[in-house]
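User: Can you walk me through this one? I'm new to reading structures, so plain words please.
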Amino acid sequence: MSIRVLLVDDERPARRKMRRFLGSAPDFEVIGEAGDGAEAIEAITRTQPDVVFLDVQMPKLDGLQVAAALSPPLPEIIFVTAHDRFALKAFEVHALDYLLKPYDEERFRKVLDRVRKRRREAAGDRELVERIQRLIADLQPGTRHADRVLVNGNGRAYFVSMSAVDWIEGARNYAVLHAGGKAHTIRGTLDGLVKRLDPAQFIRVNRSAIVRLDSIGELQPWFHGEYRIVMKDGATINWSRRYITAGFPERILR
């Protein structure tokens, strides 16, 4: 059975080059191409390829954001990158395969050999998204607070502005963004998400909820030093004593 491949690069000559090199590997079958990140997510979701050659440097939505937005079952991802030596070390530390630009056919064949070897060993990877998120953190130390979040659903990808999010609900390995009466589900934990949010705007109030301070409609004293939050959208959320920190909730009650 052939290994089904999707090629993702915003430059057509780069995709032609990969397709040409794959032409000498009869056990690989190119099933499609994508020229940008949103198109890549749609194509991966629709075609379910075995392997994706994914360009890292793409405008608007780069390869790392594409990979982090994918939901299981995940394809094997080969990152195609022109990153510097530090970034390449980060790929190696997180055990993510990459193809360094510019590359020749011999180097490309070595990548294909590694793909074949992993498939023979049935080396599954259920932690791919988490490792990609750690890679992003390494490559972008000190990144400013997120002002939008990528949502992948129903075969399409779109951004939700954090300024529109009222509160966030944790659901195992997923988070549900409640924004203007609509719910958007993303992959990730509240522990990871809260680190990307501006603490002047968002606060964790219990094990499974983060709220936007400006979206709080009412704060009611509750039992044992806890509070009951009534959001402007009508949702009620418990603010557990464990998550009450210095300056809160006095800051809201003023």
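**Chatting through the fold**

User: Let's start with valine 205: which residues does it touch, not counting those up to four places away in sequence?
Analyst: Valine 205 touches Val211, Ile229, Ile237, Asn238, Trp239, Ser240 and Tyr243, once residues up to four places away in sequence are set aside. Contact here means heavy atoms within 4.5 Å.

User: Before we go on, where do these values come from?
Analyst: This is a predicted model, where local features need pLDDT of at least 70, side-chain atom pairs count only at pLDDT 80 or more, and totals for chains, interfaces and linings use all residues. Residues are numbered from 1 along each chain as its sequence is written, and side-chain values use heavy atoms, with hydrogens and water left out.

User: Ok, back to valine 205. Is it buried or exposed?
Analyst: Valine 205 counts as buried because its relative accessibility is 0%. The cut-offs are under 20% relative accessible area for buried and over 50% for exposed, with partly exposed in between (1.4 Å probe, protein chains only).

User: Which strand is valine 205 in?
Analyst: Valine 205 sits in strand S11, residues 202–206. Helices (H or I, at least four residues) and strands (E, at least two) are DSSP runs, numbered from the N terminus. S11 is mostly covered, with 5 of its 5 residues buried.

User: And what does S11 pair with?
Analyst: S11 is joined by 4 bridges to strand S12 (residues 209–212), and the two run antiparallel. Two strands pair if DSSP finds at least two bridges between them. S11 and S12 make a hairpin with 2 residues between them. One bridge to look for is phenylalanine 202, whose partner in S12 is arginine 212.

User: How far is valine 205 from arginine 242?
Analyst: Their C-alpha atoms are separated by 8.5 Å, though valine 205 and arginine 242 are 37 residues apart along the chain.

User: New topic: the sheets. What's the strand order in the one with 5 strands?
Analyst: That open sheet goes S2-S1-S3-S4-S5, and its pairing is parallel. Strand S2 (28–34) and strand S5 (98–100) stand at the edges with a single partner strand each, so one side of each has no neighbour in the sheet. On average, neighbouring strands of this sheet are turned by 20° against each other, direction ignored.

User: How many bridges join S1 to S3?
Analyst: There are 4 bridges joining S1 to S3, which run parallel. Leucine 7 stands opposite phenylalanine 53 in S3.

User: Which strands of that sheet does helix H1 touch?
Analyst: Helix H1 (residues 12–22) packs on the sheet, touching S1, S2, S3 and S4, and its direction makes about 170° with that of S2. H2 packs on the sheet too, touching S1, S2 and S3, at about 165° to the direction of S1. Axes are lines fitted to C-alpha atoms, for helices over the stretch in contact, and angles run from 0 to 180 degrees between N-to-C directions.

User: What about the sheet of 3 strands, what's its order?
Analyst: That open sheet has the order S13-S14-S15, with antiparallel pairing. S13 and strand S15 (236–239) are its edges with a single partner strand each, so one side of each is left without a neighbour in the sheet. The twist averages 25° from one strand to the next. Strand S14 (residues 227–231) is joined to S15 by 4 bridges, and arginine 228 has asparagine 238 as its bridge partner in S15.

User: Which strand holds glutamine 220?
Analyst: Glutamine 220 lies in strand S13, residues 216–221. Its side chain and that of glutamate 218 are joined by a polar contact of 3.2 Å. A polar contact is a pair of N or O atoms within 3.5 Å; within protein, one must be able to donate a hydrogen and the other to accept it, and residues adjacent in sequence count only if both atoms are side-chain atoms.

User: Last one: which residues touch the most other members of the largest nonpolar core?
Analyst: Those are Val8, Leu54, Val66 and Phe79, out of 28 residues in that core. H3 gives the most to this core, with 5 residues. A nonpolar core is a set of buried Ala, Val, Leu, Ile, Met, Phe, Trp, Tyr and Cys residues joined through side-chain atoms within 4.5 Å.

User: And the whole chain, how many helices and strands?
Analyst: The protein chain has 8 helices and 15 strands, and buried residues make up 44% of its 254 residues.
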